[in-house]
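Let's walk through this model together, going from the contacts with DNA to the way the protein chains meet. Please keep the structure open beside you as you read.

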Number of protein chains: 2
Amino acid sequence: MEVITIKDIAKALNLSTSTVSRALRGSYEINPETKRLVMEYAERMNYRPNPIALSLKENRSRSIGVIIPEIANNFFSQAINGVESIAYNRGYHVVISQNHESYERELVNTQYLAQRRVDGLIVSLSGESNDLEHFKELQTKGMPIVFFDRVPQDYITHKVSADNFVGAYEATAHLIQQGFRRIAHLTSPSWLSITYERLEGYKKALQNHGIPIEESYIKYCSHGGMIPEEVEKAVLELIHHPERPDAIFSAGDRLTTSSMSLIKREGLRIPEDIAIVGFTNLISAHLLNPALSAVTQPAYEMGQLATEFLIDLIERPKSTIRFETKRLETKLVIRQSSLKPA
Amino acid sequence: MEVITIKDIAKALNLSTSTVSRALRGSYEINPETKRLVMEYAERMNYRPNPIALSLKENRSRSIGVIIPEIANNFFSQAINGVESIAYNRGYHVVISQNHESYERELVNTQYLAQRRVDGLIVSLSGESNDLEHFKELQTKGMPIVFFDRVPQDYITHKVSADNFVGAYEATAHLIQQGFRRIAHLTSPSWLSITYERLEGYKKALQNHGIPIEESYIKYCSHGGMIPEEVEKAVLELIHHPERPDAIFSAGDRLTTSSMSLIKREGLRIPEDIAIVGFTNLISAHLLNPALSAVTQPAYEMGQLATEFLIDLIERPKSTIRFETKRLETKLVIRQSSLKPA
DNA sequence: AACGTTGCCGATAACGATTGCATAAAAAAA
DNA sequence: TTTTTTTATGCAATCGTTATCGGCAACGTT
């Protein structure tokens with residue numbers, strides 16, 4: 001391990017570490033000649049300042065932490081790419097961690113990142129998180145936090161989300177317009193913002209079209225699709241409902257693909273027996289059998305926006321901040337899975 | 001930012017930092033009573049040692065870096081979950097970074113992780129990496145590195161990969177057995193290990209069945225599917241080949257889904273006009289239209305194994321190490337996309 | 001009584017970098 | 001020539017932690 005330090009340079013050039021340090025940062029009070037010598041030597045020896053030492057001294061790390069439920073999910077991986085695109089341009093590194101829809105993991109990861117002195121956090125809540133004390137505590141200690149996608153309601157900070165209400169409304173309205181009437185909704189844990197907003201959009205669309213809301217058509221999966229049995233139970237209850245729904249509006253990649261699998265496994269056809277629209281960013285949606293109608297979110301842009309918000313929080317004096325909640329438009333792509341057969 | 005340090009504890013209890021430090025680590029030379037006091041106070045104040053200070057002092061970070069092409073890829077995200085499962089059990093954190101198939105990004109990420117003093121690296125090479133000097137240099141400086149999936153040939157360290165040769169052989173043999181004869185191969189950059197091994201398996205299967213190898217049926221995508229135009233060009237060349245192939249054996253998620261899209265867009269049917277088998281871990285393979293036959297890799301296990309190798313390298317005295325190259329079995333799942341119509 | 005042993009604890013120096021303050025030498029002003 | 005100012009550099013503290021070394025009682029042994 002022969003890594004060159006400022007001390008090595010100082011020794012080699014018979015200078016003090018302070019002089020070397022200042023020379024490297026181009027301080028005006030260093031002799032231009034000395035500066036040149038130091039710069040050249042540092043260049044030649046491929047000197048790189050030790051970021052750990054800097055973190056210790058400055059209590060920051062020029063990196064931002066991202067905590068999301070799963071990377072194996074197109075929405076989140078696209079969002080991360082958005083985060084990276086902004087972060088790198090502004091000189092920050094990105095540290096990714098997954099909570100796997102577990103409160104416990106979220107807690108551990110949050111604390112880890114805080115200890116590692118990330119300069120800020122971008123968070124999409126786990127399916128189990130209704131207690132947000134760990135974030136609140138961090139925030140009072142000065143850690144900037146921006147939520148995206150799954151945002152807490154009673155929490156004052158920047159938030160970025162898709163317009164889940166409108167997205168859900170459009171999806172449901174589309175199904176109604178196609179002639180479906182018994183429309184079920186398969187969704188994530190009830191306490192998540194995305195769940196609530198989508199549910200409201202779904203209900204509103206039904207109401208506006210004079211269709212009564214049937215509570216037994218609404219199924220929550222409190223582990224967000226991480227536990228196959230839970231999804232299976234929910235879907236089977238729908239399929240074997242005395243008045244079987246003729247369409248499902250489902251949230252999330254996993255819930256949607258699982259539903260499709262199960263419907264097929266049970267010998268039913270999509271969309272003839274049950275139509276389906278997913279709230280998902282699956283890139284292979286158009287390749288599915290049948291091609292999947294989907295409400296897609298601008299994941300990349302959401303990641304970008306959240307990051308701009310966060311870096312703003314980090315770099316701007318606190319006093320001048322007014323917190324915002326931004327909603328980005330979703331897009332409904334209609335494909336075969338939601339078309340009423342003639 | 002009121003984080004409690006060992007110094008604060010020392011001051012509060014009227015002890016020296018050394019005593020507090022030793023008490024916390026349970027040193028035998030501290031009075032049990034003092035120990036109890038310190039422990040209790042630390043517990044009450046929720047003291048956590050500063051990992052940055054430890055990293056600086058010990059020149060290590062109890063974390064391992066993972067550098068992969070893309071997280072938006074089921075194979076890699078499953079592999080990461082495997083890595084995490086082992087790492088967390090053994091007290092290491094995992095830092096993920098993507099190279100997006102770019103040599104430049106790989107270089108930057110490698111250096112970043114090295115500067116951050118990760119204790120070791122788990123790497124799957126970018127599609128552009130034929131120069132491995134950056135890894136070699138790190139390794140001579142003492143950084144343990146384990147490669148997986150895309151492994152370099154002339155590099156002495158632990159390596160973990162799927163048995164690409166056998167996987168490709170089985171896929172190709174399956175197509176032949178189905179009655180296909182003009183079998184094309186759409187694959188990743190030619191210099192990658194996975195490309196070579198799969199190509200060899202493909203060729204061997206053709207040879208063993210007396211089918212001549214047609215070079216114009218073999219298409220490399222030197223950006224591994226990251227550039228849509230490149231894939232499009234390759235697939236279209238196959239589709240419009242004077243002797244159009246009746247089957248494609250394709251590598252990678254992106255290459256496979258792109259091929260399916262393009263074949264459909266060009267008005268051809270799968271498998272009637274062109275059959276397809278993918279080398280992919282797409283979780284929605286069974287939901288595609290048609291259901292996709294695929295060679296899948298034990299991604300999770302590969303991640304686990306690579307991590308065990310790495311932690312072994314990190315913790316074991318160097319002298320006792322004998323480097324291994326492990327190949328794990330792939331699994332061919334036959335679905336509709338590769339079945340010859342009657 | 002002199003010496004050695006133990007038990008318990010503290011001061012200090014690292015790790016790598018930055019920075020406020022001090023200071024030497026050189027240049028400018030008196 | 002003397003004083004002041006400027007220029008260029010070094011010293012030392014700091015960030016949080018631990019390892020090394022050493023100190024000082026209290027006790028036991030001869």
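A residue is near a molecule or strand if one of its heavy atoms lies within 4 Å of it. Of the atoms of DNA strand D within 4 Å of the protein, 61% belong to sugar or phosphate, and the rest belong to bases.

Some ground rules will help before we go on. This is a predicted model, in which local features need pLDDT of at least 70, side-chain atom pairs count only at pLDDT 80 or more, and totals for chains, interfaces and linings use all residues. Residues are numbered from 1 along each chain as its sequence is written, chains are lettered from A and ligands numbered from 1 in the order in which they are written, and side-chain values use heavy atoms, with hydrogens and water left out.

Let's stay with DNA strand D. Among the 26 residues around it, A:Ser18, A:Thr19, A:Arg22, B:Ile6 and B:Tyr47 come nearest. Polar contacts are pairs of N or O atoms within 3.5 Å; within protein, one must be able to donate a hydrogen and the other to accept it, and residues adjacent in sequence count only if both atoms are side-chain atoms. A:Ser18 places a side-chain N or O atom 2.7 Å from a base nitrogen of DNA strand D. Backbone atoms take part too: a polar one of A:Ser16 is 2.8 Å from a phosphate oxygen of this strand, and a polar one of B:Asn50 is 2.9 Å from a phosphate oxygen. Two or more residues of this surface come from each of H2 and H4 of chain A and helix H1 (6-13), H2 and H4 of chain B; helices (H or I, at least four residues) and strands (E, at least two) are DSSP runs numbered from the N terminus.

Now turn to DNA strand C. Here A:Ile6, A:Lys7, A:Tyr47, B:Thr19 and B:Thr34 come nearest out of 26 surrounding residues. Sugar and phosphate make up 59% of the atoms of DNA strand C that come within 4 Å of the protein. A polar side-chain atom of B:Thr34 sits 2.8 Å from a phosphate oxygen of DNA strand C, and one of A:Arg25 sits 2.9 Å from a phosphate oxygen. B:Glu29 addresses a base instead, with a side-chain N or O atom 3.1 Å from a base nitrogen of DNA strand C.

How do the two protein chains relate? A turn of 180° and a shift of 0.0 Å along the axis lay chain B on chain A with an RMSD of 0.1 Å, superposed by least squares on the C-alpha atoms of residues with pLDDT of at least 70 in both. That is the relation of a two-fold axis.

Where the chains meet, 42 residues of chain B are in contact with 42 residues of chain A, contact meaning heavy atoms within 4.5 Å. The copies meet through the same surface, because 100% of the interface residues of chain B are also interface residues in chain A. About 4,400 Å² is buried between them, 57% of it from carbon and sulfur atoms; this is the accessible area (1.4 Å probe) that two parts lose on being put together, summed over both. The interface of chain B and chain A holds 2 salt bridges, each a side-chain nitrogen of Lys or Arg within 4 Å of a carboxyl oxygen of Asp or Glu. One of them joins B:Glu84 to A:Arg105, with the closest N and O atoms 3.5 Å apart.
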